[in-house]
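Work through the following exercises with the model open beside you, and try each task before you read its solution.

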Amino acid sequence: MDQIRIGKFIAESRKQKNLTQSQLSEKLGITDKAISKWERGIAMPDSSIMLELCDVLGITVNELLSGEKINMENNNQKNEQLLLKMTKELEKKNKMIWSCMWLIMIVSITALIASIFIAAFFIPEGIWQLVTIIGSCVVFLIPCFFALKLEVSVGAYKCKHCGNEFVPTYTQALNAMHAGTTRYLKCPKCNKRSWCKKVLKK
């Protein structure tokens with residue numbers, strides 16, 4: 001979505017309604033700084049306020065997200081274009097999160113191996129060597145939990161039996177046996193357990 005274009009459209013729609021930024025902000029119960037950020041293309045209206053904003057400005061959500069007035073003849077075509085654009089943006093964000101998850105895991109594993117190597121060869125045998133190794137393992141677990149949260153937050157898991165794609169809770173994913181990003185989960189549709197593979201579609 002083009003935030004600059006949307007911002008200009010919000011400003012034009014506001015002026016057509018003879019509203020100042022301050023008056024619009026009062027109607028929406030937010031600050032005029034937020035309106036200014038929208039109109040300059042720095043930020044987007046929150047989804048929780050979009051319907052109210054559109055109602056005040058006399059526009060549709062589709063028009064708001066397109067950044068222009070839409071004729072009824074072109075409405076379906078614009079809807080399809082907007083959905084396609086939003087899907088592409090979601091896929092892009094999911095892939096970015098996915099890459100971050102793998103980067104966290106690689107850096108964490110490298111750091112763990114390095115710290116165990118240092119403890120084994122450079123710290124004399126005894127309590128401090130043991131503390132260093134245990135400490136390294138504990139510190140390693142923190143990014144692992146964070147990486148799992150990222151894994152669960154993007155895409156979905158595909159059931160091997162019925163092909164249903166579903167998103168498990170963080171606890172379900174944490175307690176499930178896994179091999180890489182394939183987890184042994186119970187499908188909410190067919191109620192069967194199987195090795196569900198991660199897919200970046202949902």
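Helices here are DSSP runs of H or I with at least four residues, numbered from the N terminus. The model is a predicted one, in which local features need pLDDT of at least 70 and side-chain atom pairs count only at pLDDT 80 or more, while totals for chains, interfaces and linings use all residues. Residues are numbered from 1 along each chain as its sequence is written, and side-chain values use heavy atoms, with hydrogens and water left out.

**Exercise 1.** Locate Ile-109 and decide whether it is buried, partly exposed or exposed.

*Solution.* Begin with the helix: Ile-109 is found in α6, which covers residues 75-122. Next, recall that buried means under 20% relative accessible area, exposed means over 50%, and partly exposed lies in between, with a 1.4 Å probe and protein chains only. Ile-109 has a relative accessible area of 38%, and it is therefore partly exposed. Finally, from C-alpha to C-alpha, Ile-109 and Val-56 are 53 Å apart in space, and they are 53 residues apart in sequence.

**Exercise 2.** Do the same for Ser-13, and list its contacts (heavy atoms within 4.5 Å) beyond residues up to four places away in sequence.

*Solution.* Ser-13 has its place in helix α1. Because its relative accessibility is 3%, Ser-13 counts as buried. With residues up to four places away in sequence not counted, Ser-13 touches Leu-57 and Ile-59.

**Exercise 3.** Describe how helices α2 and α4 cross, and which residues meet there.

*Solution.* The axes of α2 (residues 21-28) and α4 (residues 47-57) come within 10 Å and cross at roughly 130°; such axes are lines fitted to C-alpha atoms over the stretch in contact, and angles run from 0 to 180 degrees between N-to-C directions. Therefore α2 is oblique to α4, since angles under 35 degrees count as roughly parallel, over 145 as roughly antiparallel, 65 to 115 as roughly perpendicular, and the rest as oblique. On the α2 side, Leu-24, Lys-27 and Leu-28 meet residues of α4, namely Ile-49, Glu-52, Leu-53, Val-56 and Leu-57.

**Exercise 4.** Which residues have the most contacts inside the largest nonpolar core?

*Solution.* A nonpolar core is a set of buried Ala, Val, Leu, Ile, Met, Phe, Trp, Tyr and Cys residues joined through side-chain atoms within 4.5 Å. The largest has 17 residues, and Ile-10, Leu-24, Leu-28, Trp-38, Leu-53 and Leu-64 have the most contacts inside it. The helix that gives the most to this core is α4, with five residues.

Key: Helices (H or I, at least four residues) and strands (E, at least two) are DSSP runs, numbered from the N terminus.
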